[in-house]
Amino acid sequence: MKYKIEKNTVQETLILPLYSRKLCTELYPNLYQDETAVHLIDQIDYDFSEAEKNSRSLMQRFGALEVAMRQNDLAFEVRAYLKNHPCAAVVNLGCGLDNTGRACNNGRCKIYNLDFPDVIALRQQLLPAGEREQNIPCDLKDPAWFAKIDASGGAVFFASGVFYYFLTQQVKALVQGMADAFPGGVLVFDAANRTAVKMIAKTWLRTAKIKDVGAYFAVSDAKSELSPWDNRLQVSSRGYMMGYNDLKDPSVSGFFRFLAKVGDNGMKMQIVKIGFGDRQ
């Protein structure tokens, strides 16, 4: 039996990234594989006709490549942390229907998937928690969720496409709180400069009638802009389109490689990594 998804804002914000990850797997099989996304799309009763039509456009295909690279980069950082902290907590912030935590499972880590209660309710139907895994309903801006994470073996947190919807002050408060609660932990997430964030935010800000785009979180030079938030932070960043992969795969055109360079260099699309002092 297929699980019916209603056409409403919450559920569509989960379905469209899921469809993008399925599309990446089909378009760029050497670069990206997400069997969970392919499987889930088959399990869902939803009208994908518009998404399928859009997927034929050049920019939609480049958007799928962006999604693929971002997920790969975040998974790379999670696995790198687990090499030195095999029993760490792996925490997916704003998880939606993403299964990156499980894809990085080393058989010893603990996996936590965090999102709003209605999102987690849907996730429980489609992706019930497995062994050493918890789906936790919460508001990321409320630090009450800190207490639910067992970070005794270390902790690596990652957020994919999440902080664009936070005010800069909210990201700063969250990072400072995490530095207190999880010494020795690491947070990795994608970010971009003000120009890119305005483009990303154009549609949803209009819907929400928000005028002050400048208050939303954007980064050009992560180390110089974020390090002053707290002297315990160790901040670094890499371009997220080409910082981890040269994209010299037959499935990626020269034009897409050019756009990827513009994204990394012009829009400052990057993966930011913040270490929380103390334990190495």
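The exercises below, each with a worked solution, concern a predicted model.

Residues are numbered from 1 along each chain as its sequence is written, and side-chain values use heavy atoms, with hydrogens and water left out. Because the model is predicted, local features need pLDDT of at least 70 and side-chain atom pairs count only at pLDDT 80 or more, whereas totals for chains, interfaces and linings use all residues.

**Exercise 1. Determine which strands pair with β3 and how its side chains are placed.**

Solution. Begin with cover: strand β3 (residues 89-93; strands are DSSP runs of E of at least two residues, and helices are runs of H or I of at least four, numbered from the N terminus) has five of its five residues buried, where buried means under 20% relative accessible area, exposed over 50% and partly exposed in between, with a 1.4 Å probe and protein chains only. Next, sort the side chains: Ala89, Val91 and Leu93 point one way, while Val90 and Asn92 point the other way. Finally, look for partners, given that two strands pair if DSSP finds at least two bridges between them. Strand β4 (residues 110-115) pairs with β3 in the parallel sense over five bridges, with alanine 89 opposite lysine 110; strand β6 (residues 155-159) also runs parallel to β3 and is joined to it by five bridges, with valine 91 opposite phenylalanine 157.

**Exercise 2. Describe the surroundings of serine 55.**

Solution. First locate serine 55 in the loop between α3 (49-54) and α4, and then note that serine 55 counts as buried because its relative accessibility is 8%. A polar atom of its side chain lies 2.6 Å from the backbone oxygen of glutamate 52. Leaving aside residues up to four places away in sequence, serine 55 touches Tyr19, Leu23, Gln60 and Arg61, contact being heavy atoms within 4.5 Å.

**Exercise 3. Compare the settings of leucine 247 and lysine 268, which have positive phi values.**

Solution. Start from the general expectation that most residues other than glycine have a negative phi. Leucine 247, with phi near 60°, is found in the loop between β8 (233-239) and α10, and is buried, since its relative accessible area is 0%. Lysine 268, with phi near 55°, is placed in the loop between α10 and β9 (270-276), and counts as partly exposed because its relative accessibility is 34%.

Definitions and conventions
A polar contact is a pair of N or O atoms within 3.5 Å; within protein, one must be able to donate a hydrogen and the other to accept it, and residues adjacent in sequence count only if both atoms are side-chain atoms.
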